[in-house]
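The exercises below concern a predicted model. Work through each task with the sequence and structure open, then compare with the solution.

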Amino acid sequence: MHCLVPSFYYLCLEKNPVPMPRYIAPSILAADFSNLQKDIAMVNSSEADWIHLDIMDGVFVPNLSFGLPVVRAVYKYARKPLDVHLMIVNPERYLEAFRDAGAFQLTVHQEACTHLHSTVHEIKKLGMKAGVSLNPHTPVSTLEEIIADLDMVLIMTVNPGFGGQKFIPQSVDKVKKLKKLISASGSGALIEVDGGIDLKNAGMLFDAGVDVLVTGTSVFTAEDPVSMISALKNAGK
Ligand code: DX5
Ligand code: ZN
């Protein structure tokens, strides 16, 4: 007897496809550090889903941003989960410290981790979501052996280290490759993009399979950041 349930189920899915998540994570690198509480309150009042925090050590990337004290301060006022992006060498030294500072999700760079598998599992053991980030030159295929263990993959759409840079157009094809890898592996990983994201490319990225947009300059330099966040979230709809 041919089992009807699966085909009926997929028929339903086809007729009522599950809407893909559309998350917005404003990057506070572009916020006003002389009045961070005000900008965090703005994000709290908006449709944003996470708050993105860029940790730069001046070694993995040619810039210094901020560290644990700022993460703790943001956590105190944030009403959204903290999405912490580590652009540091040997990130395994600080996993527990970022958990204790309030990180909900911790993303390390593939290029910075000699033992990426154990680092990812350590992040999960500490109770956080585990993300891995790829610099623009690093192919998606480097994640084949670990994709099923990841909660998120962050595709850098600029070379990391600075806000306000120009979006790298080839990133769209890279997102499509990653989407294929995730579907083929049965991984539940979300796809996040970071760098040069604005209303011009947001819709196209969601269509390509992106789940999370990190947005710094486009949000914090907008006349009305709360409306900008809504516009980005609904881009291309
Ligand atoms: C860059 C950071 C990004 C940056 C994004 O290395 O990882 O999160 O702050 O800023 P915009 O949106 O201005 O490119
Ligand atoms: Zn970032």
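Angles between elements run from 0 to 180 degrees between N-to-C directions, with axes fitted to C-alpha atoms, for helices over the stretch in contact.

**Exercise 1.** Find which strands β5 lies beside, and place helix α5 relative to β5.

Solution.
- Start with β5, residues 129-134, and β6, residues 152-156: 4 bridges pair them in the parallel sense. Gly131 faces Met152 of β6.
- Turn to β4, which is parallel to β5 and paired with it over 5 bridges. Here Thr107 of β4 has Gly131 of β5 as its bridge partner.
- Follow the chain from β4 to β5: the path leads through α5, and this β-α-β crossover is right-handed.
- Now add the helix. Residues 116-125 form α5, which lies across β4 (103-109) and β5 and runs at about 145° to β5.

**Exercise 2.** Determine how β4 is joined to β3, and why β4 counts as largely enclosed.

Solution.
- β3, residues 82-87, runs parallel to β4, and 4 bridges join the two. One bridge pairs Leu82 with Ala103 in β4.
- Between these strands the chain passes through helix α4 (residues 95-101), and this β-α-β crossover is right-handed.
- For burial, the cut-off is under 20% relative accessible area. In β4, 6 of the 7 residues are buried, so the strand is largely enclosed by the rest of the structure.

**Exercise 3.** Write out the strand order of the sheet and identify the strands at its edges.

Solution.
- The sheet is open and has 8 strands, in the order β1-β8-β7-β6-β5-β4-β3-β2, with parallel pairing.
- Reading the ends of that order gives β1 (23-26) and β2 (51-56) as the edges; each has a single partner strand, so one side of each is left without a neighbour in the sheet.
- From one strand to the next, the twist averages 25°.

**Exercise 4.** List the buried residues of helix α2, decide how they are arranged about its axis, and name what they pack against.

Solution.
- Helix α2 covers residues 36-44, and its buried residues are Leu36, Asp39, Ile40, Met42 and Val43.
- Viewed down the axis of α2, these buried residues fall within an arc of 155°, so they line one face of the helix.
- The buried residues of α2 pack against strands β1 and β2 and against helices α3 (68-77), α8 (217-220) and α9 (225-233).
- Both strands in that list, β1 and β2, stand at the edges of the sheet.

How values were computed: Residues numbered from 1 in each chain as written. Chains lettered and ligands numbered in written order. Predicted model: local features only at pLDDT ≥ 70, side-chain atom pairs only at ≥ 80, totals over all residues. Heavy atoms only, no water. Pairing = 2+ DSSP bridges. Contact = heavy atoms within 4.5 Å. Buried < 20%, exposed > 50% of the residue type's maximum accessible area, 1.4 Å probe, protein only. Arc of directions from axis to C-beta. Right-handed = clockwise from strand over helix to strand, strands pointing away.
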